[in-house]
Amino acid sequence: MTDLAIIGAGPAGLAAAIEARALGLSVAVFDEQPAPGGQIYRNVTQPRSARSAAVLGPDYAAGRPLAEEFLASGAVYHPQATVWRIGPDGLSWTAPQGGGDLAARRVLVATGAMERPFAVPGWTLPGVMTAGAAQILLKTTGTVADGAVFAGTGPLLYLVACQYLAAGAKVAAVLDTTPKGALWPALRHLPGALRQPGLLWKGARLLAKLRLSGVPFHRGVTGLAFEGEGALQRVRWQAAGRDHALDCAHAFLHHGVIPNPNMTMAARAAHHWDAAQETWVVTRDAQGRTSLPWLWVAGDGGGIAGAKAAALSGRIAARAVVRDLGRSLPVDAALPRALARETAARPFLDRLYRPAQAWLAPRDDATILCRCEEVTRGALAQAVAEGCPGPNQFKAFSRAGMGPCQGRMCGATIAQVFADLTGQSPADVGYYRLRMPVKPVTLGEIAGLPSRLCTGTDLNVRGTR
């Protein structure tokens, strides 16, 4: 029996594992990537040239000591492992070398964030990806797409565009969709953000680099659409009262990141609607404890706050698990204070870079909302007109959310569009009802589970998501 099973080897999972091991717990860490680091520190343990290190910057390099300390911590580490079931008894996973089941006294989910779906006409064309995907290519293989268009809003979009420039790539244009006047409502949060002047200065420098680079930078972009026969060929948009078009073969989209709720929702933990971040978030206390006594959450999976905050929350959660298991441990008041400082700018950033409603809930009926099953906005509008009461019923009618991604790339948009069509709030509309397995798994692996685990509440054994 392992004391603590951790899912995710990003900043939160790594820090939690290090802390828990230092305090005497047995720890097992599962992660889908071949090396520790998560999305933010992906591939950070691999040797890099001076130029590559300069392109990715010091914030990326700061993850290497954390990853190396984790590897030396004594935690049992399962790379390339996909956890597809969690429960009060532990978890089940699959991996190329063979999966299995692990009995664990506590489970910590540190699966981090995912990029917010960005459903616009043509977003499913080959050549259109997220800015996060563009950064993954840069971190793992040093690959860049020359002449790409960057479209959207938020710090990551500007960061990846600057990294492309530093790598010597040409950036065709930056299409900034930040709504006009977004700064004014954000200013009331500025006093808190000034507790993190370094973070604000980094953002200002990124924008200054883009403006000074000579890359065409269009503000207040609306009406974004991608076109092409079989692959991306051009992008169209409106800005400054004019129509624009640009031929291109690659485009990278970004409208911020949101917590990935699938695992915690499938476990039946309580969630709530976060109006500031326009997303569903697992409900947890200051130590990461959820509504389920065996389940804890740390990092961006419990609310977007960034890498440093994620690591702090991982340490806090690990210490709380130690106490929860009956071991004496004094409260470290310095960690919550550090976390409060690290998240002070978040309300300002959330308000400044909140996507406009037109991006959250597209109104073009031809726009694909569920790319796995190719379900359009028009199909949802028709279902609502016929009396469809919610996203779960629409899932049954259309298969939206039943494809390989299991709702990750459409759930947020479906809920927003449903709310827009019915005049409700997303909190009232709700979200997909998710069940195990949370990732695709073979029937053979499910069949190999002990019979005590194969209950209707644990597994979706009929395959109807």
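Which strands form an open sheet with antiparallel pairing, and in what order? The points below take that up first, then move through the rest of the model, which is predicted.

1. **The three-stranded sheet.** The strands are three in number, and their order is 12-13-14. The sheet is open and its pairing is antiparallel. Strand 12 (222-227) and strand 14 (242-247) are the edge strands, each pairing on one side only. From one strand to the next the twist averages 15°. Strand 13 (residues 234-239) pairs with strand 14 over six bridges, in the antiparallel sense. To find this pairing in the model, look for Q238, which stands opposite D243 in strand 14.

2. **A loop of that sheet.** Between strand 12 and strand 13 runs a loop, and E229 lies in it. Is E229 buried or exposed? E229 has a relative accessible area of 71%. The cut-off for exposed is over 50%, so E229 counts as exposed. Compare its position with that of G256. The two residues are 27 places apart in sequence. From C-alpha to C-alpha, E229 and G256 are 28 Å apart in space.

3. **The five-stranded sheet.** Another open sheet has five strands in the order 8-15-9-10-11. Here the pairing is parallel. Strand 8 (128-130) and strand 11 (217-218) are its edge strands; each pairs on one side only. Strand 11 is joined to strand 10 (residues 171-176) by two bridges, in the parallel sense. In this pair, V174 stands opposite F217 of strand 11. Helix 5 (residues 131-141) packs on the sheet and touches strand 8 and strand 15 (251-255). The direction of helix 5 makes about 85° with that of strand 8.

4. **Helix 6 and its partners.** Helix 6 (residues 155-166) lies across four strands of the five-stranded sheet: strand 9 (148-153), strand 10, strand 11 and strand 15. Helix 6 runs at about 160° to strand 9. Helix 6 also packs with helix 9 (residues 197-212). Their axes are 9 Å apart, at an angle of about 50°. The two helices are therefore oblique to each other. Their crossing is left-handed. On the helix 6 side, the residues that meet helix 9 are P155, Y158, L159, A161, C162 and L165. Helix 9 contributes L206, L207, K209 and L210.

5. **Strand 5 and its two hairpins.** Strand 5 (residues 90-94) is mostly covered, with five of its five residues buried. Strand 5 pairs antiparallel with strand 4 (residues 82-87) over five bridges. A hairpin of two residues connects strand 4 and strand 5. G87 stands opposite G90 of strand 5. Strand 5 also pairs antiparallel with strand 6 (residues 100-109), over four bridges. In that pair L91 faces L102 of strand 6. The hairpin of strand 5 and strand 6 has five residues between the strands. In this hairpin, G98 takes a positive phi near 110°.

6. **The cores.** The largest nonpolar core holds 68 residues. Which of them touch the most other members? They are I86, L91, L175, L224, F226 and L295. L295 is in contact with I86, V107, V109, T264, A267, A269, G288, R289 and T290, leaving aside neighbours within four places in sequence. Another core, of 63 residues, lies apart from this one. Its members include V44, F70, L108 and A182.

7. **Helices 11 and 12.** The axes of helix 11 (residues 307-324) and helix 12 (residues 334-342) come within 9 Å and cross at roughly 155°. That angle makes helix 11 roughly antiparallel to helix 12. Helix 11 passes helix 12 in a left-handed crossing. In helix 11 the contact is made by K308, A309, L312, R315, I316 and R319. From helix 12 come L335, P336, A338, L339 and E342.

8. **R319.** One residue of helix 11 deserves its own point: R319. Is R319 buried or exposed? R319 has a relative accessible area of 12%. Buried means under 20%, so R319 is buried. R319 touches E19, L23, L329, P330, D332 and L335, not counting residues up to four places away in sequence.

Definitions and conventions:
Residues are numbered from 1 along each chain as its sequence is written. This is a predicted model: local features need pLDDT of at least 70, side-chain atom pairs count only at pLDDT 80 or more; totals for chains, interfaces and linings use all residues. Side-chain values use heavy atoms; hydrogens and water are left out. A nonpolar core is a set of buried Ala, Val, Leu, Ile, Met, Phe, Trp, Tyr and Cys residues joined through side-chain atoms within 4.5 Å. Buried means under 20% relative accessible area, exposed over 50%, partly exposed in between (1.4 Å probe, protein chains only). Contact means heavy atoms within 4.5 Å. Two strands pair if DSSP finds at least two bridges between them. Axes are lines fitted to C-alpha atoms, for helices over the stretch in contact, and angles run from 0 to 180 degrees between N-to-C directions. Angles under 35 degrees count as roughly parallel, over 145 as roughly antiparallel, 65 to 115 as roughly perpendicular and the rest as oblique. A crossing is left-handed if the near helix is turned anticlockwise from the far one by less than a right angle, and right-handed if clockwise.
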